[in-house]
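Hi,

Here is the structure I promised to pass on. Have a look at it first, and then read my notes below.

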Amino acid sequence: MKLYDLTLSGNCYKVRLFLGLIGQHAELQTLDLRAGEHKRADYLAINPRGQVPALVDGELQLGDSQAILVYLARRYADERWYPLDAVSQGRIAGWLSFAANEIHHGPGMARLGKLFGMPIDQAGAQHKALARCAARRAPGQA
Ligand SMILES: N[C@@H](CCC(=O)N[C@@H](CS)C(=O)NCC(=O)O)C(=O)O
């Protein structure tokens with residue numbers, strides 16, 4: 001199994017963390033985004049979106065951190081990580097969506113601006129981080 005990775009990427013970190021939690025080894029292939037390695041034809045053949053992370057496991061080529069987490073949980077982890085009952089599935093989808101939306105657009109973007117000097121709306125990102133993430137609950141979470 002190979003993970004196309006970028007050390008500082010939060011999306012890649014989620015996947016590396018979960019691999020560690022379930023004791024699953026993956027060969028890491030770090031891409032140089034500044035050099036545009038993620039837009040080269042050979043990588044676009046693996047992930048047409050030209051983003052990291054992407055996972056290759058046998059015949060499977062899968063991009064998107066949420067999709068990879070679901071795949072790893074179903075393929076390699078104990079069912080406690082991904083229970084199949086309707087309530088658990090709804091809550092898991094809620095948290096994955098929360099990570100991709102509120103966390104990404106709030107603390108994720110604020111981090112990019114503060115640590116890496118990227119030209120983002122820093123005040124807006126910090127406001128979203130405080131306003132939307134303060135409750136620390138996904139929709140429907142008791
Ligand atoms: N929805 C994707 C987003 C992936 C993403 O935005 N990756 C960034 C690094 S954190 C990237 O590759 N950016 C380069 C680009 O989009 O060109 C996921 O959850 O994996």
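Right after helix α4 comes G117, and its phi is positive, near 65°. Keep in mind as you read that this is a predicted model.

Since we're at α4 anyway, let's stay there. The helix covers residues 86-116, and it isn't straight: there is a kink of about 60° at H104. If you follow the chain on from that kink, you shortly reach a proline, P107.

Which residues of α4 are buried? They are S88, I92, G94, F98, E102, G106, A110 and G113. Part of what covers them is helix α5, residues 122-133.

Now back to H104, which sits in α4. Is H104 buried or exposed? Neither, quite: its relative accessibility is 32%, so it counts as partly exposed. To be called buried, a residue has to be under 20%, and to be called exposed it has to be over 50%. Leaving aside residues up to four places away in sequence, H104 touches A99 and M109. For a sense of distance, try Q61: it is 43 residues from H104 in sequence, and the two C-alpha atoms are 24 Å apart in space.

Next, the ligand. Which residues surround it? Going along the chain, you'll find S9, N11, L33, H38 and K39, then G50, Q51, V52 and P53, and finally D64, S65 and Q66.

The last three of these are worth a click each, as their side chains make polar contacts with the ligand:

- D64 has a polar side-chain atom 2.8 Å from a ligand nitrogen.
- S65 places a polar side-chain atom 2.6 Å from an oxygen atom of the ligand.
- Q66 has an N or O atom in its side chain that is 3.1 Å from a ligand oxygen.

How much of the ligand does the protein bury? On its own the ligand would expose 500 Å², and 71% of that is buried by the protein.

Finally, the overall layout. The chain splits into domain 1, residues 2-79, and domain 2, residues 86-136. Their C-alpha centres are 20 Å apart. Where the two domains meet, domain 1 puts in six residues and domain 2 puts in five.

If you want a place to begin in the viewer, go to H104 and its kink of about 60°, then move over to the ligand and look for D64, S65 and Q66.

Cheers

Methods. Residues are numbered from 1 along each chain as its sequence is written. This is a predicted model: local features need pLDDT of at least 70, side-chain atom pairs count only at pLDDT 80 or more; totals for chains, interfaces and linings use all residues. Side-chain values use heavy atoms; hydrogens and water are left out. The bend at a residue is the angle between axes fitted to the seven residues ending there and the seven starting there. Helices (H or I, at least four residues) and strands (E, at least two) are DSSP runs, numbered from the N terminus. Buried means under 20% relative accessible area, exposed over 50%, partly exposed in between (1.4 Å probe, protein chains only). Contact means heavy atoms within 4.5 Å. A residue is near a molecule or strand if one of its heavy atoms lies within 4 Å of it. A polar contact is a pair of N or O atoms within 3.5 Å; within protein, one must be able to donate a hydrogen and the other to accept it, and residues adjacent in sequence count only if both atoms are side-chain atoms. Accessible areas come from the Shrake-Rupley method with a 1.4 Å probe; for residues, only the protein chains shown count as cover. Domain bounds come from an automatic or database domain assignment.
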